[in-house]
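This report examines the architecture of a protein chain and the surroundings of its ligand. The sequence and the structure follow.

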Amino acid sequence: MDRIRIVGGAHLEGVIPISGAKNAALPLMIASLLTEDTVVLENVPRLADVSQLKRILSNHGVDFAVRGRRHGETELDGETITLNAKTIVDTTAPYELVSTMRASFWVLAPLVARMGHARVSLPGGCAIGTRPVDFLLNVLEALGAHISIEGGYVVATARLGLKGGHIKFPKVSVGATHTALMGASLADGETLIENAAREPEVTDLAELLIKMGAKIEGAGTSTIKVTGVSTLHGAEHTVIPDRIETGTFALAVAMAGGDVTLQNTRADLLDSALETMRQAGAHVDALPNGIRVYRNGNGLLPVEVTTEPFPGFPTDLQAQFMALATRGQGTSKIRETIFENRFMHVQELARLGARIRLEGDTAYVDGVDKLTGAPVMATDLRASVSLVIAGLAAEGETIVNRIYHLDRGFERLEQKLSRCGAQIERISG
Ligand SMILES: CC(=O)N[C@H]1[C@@H](OP(=O)(O)OP(=O)(O)OC[C@H]2O[C@@H](n3ccc(=O)[nH]c3=O)[C@H](O)[C@@H]2O)O[C@H](CO)[C@@H](O)[C@@H]1O
Ligand SMILES: C=C(OP(=O)(O)O)C(=O)O
């Protein structure tokens with residue numbers, strides 16, 4: 001199993017290109033199931049989750065092609081992929097393919113919307129809480145599907161197609177909003193979605209669906225209206241920049257010190273996280289095609305963070321922020337309100353010398369003068385990268401084990417950091 005070795009202490013200087021967003025690319029790829037025509041996606045990140053979703057979609061009959069590199073493109077640019085779901089050959093998404101990745105469950109809505117039937121294994125994904133799918137199933141029921149659970153599979157049926165309905169979420173859910181958008185786009189009649197997720201990845205999906213002929217108003221706000229159409233057509237779309245990768249590298253610079261430009265990204269995708277970094281003492285400037293982050297010499301201040309749905313502070317940056325807080329000059333308070341068990345990184349950060357106390361949904365982080373390198377184990381995607389951030393500032397050698405979690409969501413992490421002077425390498429095998 002691959003590991004990452006870091007020798008802490010180097011400042012980061014240079015440019016880091018930001019990839020397309022994993023959490024946008026996945027639903028965009030899934031939306032290709034809604035049409036017989038070809039969907040072209042640009043800026044798709046090269047990630048394990050993308051490869052796994054290609055396998056899942058291929059099993060349903062989607063044909064893939066990866067376009068060759070264009071003049072001037074480097075290996076750090078994203079891929080352009082074309083997806084064609086002319087014939088859906090199988091409406092079952094089997095356990096073996098779906099169990100490793102939460103987003104794979106989202107094939108349920110387009111399959112039942114287009115084919116009238118779908119059988120999808122209950123999902124896996126990062127172990128960060130119980131992660132039920134009740135909202136997603138309620139969406140499909142509100143759109144007229146019949147749902148049953150049989151042998152670990154959700155079976156959804158709507159032989160005469162989906163119908164418009166009224167959906168009001170009790171809690172903001174990204175996956176349930178994706179499900180509602182994809183199902184309602186091909187439903188007969190109008191659907192009103194209330195308390196919808198406003199995450200940029202939801203807006204990105206809505207933009208692709210609109211290009212495919214869907215009638216959607218209000219994406220990016222809490223109330224979305226969808227007027228169903230009978231068929232959707234092909235379209236081309238560029239995946240938005242990964243705001244979590246952006247925030248992660250910004251936090252790495254804040255932690256290690258130095259001056260780095262994050263390229264091909266947008267500050268407006270993560271305003272609240274960038275503002276929290278400024279409060280912690282990092283300098284963050286929005287640029288026309290990126291963000292400059294620098295911190296030279298000044299110490300880190302303690303901060304208070306509460307995770308919230310967009311536009312609040314994202315849960316997917318909570319672990320990375322905790323790594324930064326371990327070096328704050330005082331006590332930081334980090335409250336996790338989205339997932340009930342997203343503190344698996346706490347015990348691993350403690351191996352590096354961090355002092356963190358958990359009380360219910362809140363972590364109190366007492367900043368320490370120094371962290372010391374140690375072997376640590378990655379437990380989930382964002383927890384893994386929080387250990388890398390801590391390792392960059394720790395004295396001596398840190399070995400991060402089980403980095404297959406990292407490969408799910410970070411493209412060429414060690415190359416991107418080593419180009420900026422970090423002492424980091426992958427140890428294979
Ligand atoms: C692939 C992808 O895009 N994953 C992201 C997506 O996950 P995902 O879409 O799974 O997360 P949700 O937004 O659905 O989860 C939000 C909250 O709603 C709860 N819930 C959700 C669905 C449901 O049927 N019932 C229910 O109770 C969850 O347990 C959680 O407490 O949004 C999360 C919240 O921003 C991010 O951390 C994940 O990185
Ligand atoms: C939790 C995440 O992914 P998933 O929803 O696929 O588990 C994540 O991207 O941080």
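How many residues of domain 1 are in contact with residues of domain 2? In this predicted model, 18 residues of domain 1 meet 16 residues of domain 2. On the domain 1 side, helix 13 (residues 404-409) provides the largest share of the touching residues, namely three. That side of domain 1 comprises seven nonpolar, two polar and nine charged residues. The division itself assigns residues 3-18 + 241-427 to domain 1 and residues 22-238 to domain 2. The centres of domain 1 and domain 2, taken over C-alpha atoms, are separated by 30 Å.

**Overall fold**

The secondary structure of the protein chain consists of 14 helices and 24 strands. Its radius of gyration is 21 Å, close to the 22 Å that the globule rule gives for 429 residues, so the protein chain is as compact as a globular protein of that length. Along the principal axes, the C-alpha atoms of the protein chain fill a box of roughly 65 × 50 × 40 Å. Of the 429 residues in the protein chain, 52% are buried. Among the contacts with a separation of 6 or more, 73% join residues 24 or more positions apart.

Helix 10 (residues 318-325) illustrates burial within an element. Eight of its eight residues are buried, so helix 10 is largely enclosed by the rest of the structure. The buried residues of helix 10 include Gln318, Phe321, Met322 and Leu324.

**The ligand shell**

Where does ligand 1 lie with respect to domain 1 and domain 2? Both domains give residues to the shell around ligand 1, so ligand 1 lies between them. The shell numbers 20 residues, of which Asn23, Phe135, Ser173, Val174 and Gly175 are the closest. Helix 1 (22-31), helix 5 (134-142) and helix 6 (174-185) each supply at least two residues of this shell. By class, the shell around ligand 1 divides into ten nonpolar, five polar and five charged residues.

**Annotated positions**

UniProt, in an unreviewed entry, places the feature "binding site" at Lys22 and Asn23. The same name, "binding site", is given by UniProt (unreviewed entry) for Arg102, Lys171, Val172, Ser173, Val174, Asp316 and Ile338. Lys22 lies in helix 1, and Asn23 is likewise found in helix 1. Leaving aside residues up to four places away in sequence, Lys22 touches Pro45, Leu47, Asp49, Asp242 and Gly409. Arg102 is located in the loop between helix 3 (95-98) and helix 4 (108-115), whereas Lys171 occupies the loop between strand 10 (166-168) and helix 6.

The table gives the burial of four annotated residues.

| Residue | Other C-beta atoms within 10 Å | Burial |
|---|---|---|
| Lys22 | 26 C-beta atoms within 10 Å | buried |
| Asn23 | 24 C-beta atoms within 10 Å | buried |
| Arg102 | 19 C-beta atoms within 10 Å | partly exposed |
| Lys171 | 10 C-beta atoms within 10 Å | exposed |

Why is Arg102 partly exposed rather than buried? Arg102 has 19 other C-beta atoms within 10 Å, and a residue counts as buried only if 20 or more lie within that distance. Lys171, with 10 such atoms, is exposed, because the class covers residues with 12 or fewer.

Technical notes
Residues are numbered from 1 along each chain as its sequence is written. Chains are lettered from A and ligands numbered from 1 in the order in which they are written. This is a predicted model: local features need pLDDT of at least 70, side-chain atom pairs count only at pLDDT 80 or more; totals for chains, interfaces and linings use all residues. A residue is near a molecule or strand if its C-beta atom, placed from the backbone, lies within 6 Å of it. Helices (H or I, at least four residues) and strands (E, at least two) are DSSP runs, numbered from the N terminus. Ala, Val, Leu, Ile, Met, Phe, Trp, Tyr, Cys and Pro count as nonpolar, Asp, Glu, Lys and Arg as charged, and the others, Gly among them, as polar. Domain bounds come from an automatic or database domain assignment. UniProt positions are given in the numbering used here, feature names are shortened, and annotations may be inferred rather than shown by experiment. Two residues are in contact if their C-beta atoms, placed from the backbone, lie within 7 Å. The radius of gyration is taken over C-alpha atoms; the globule rule is 2.2 Å times the number of residues to the power 0.38.
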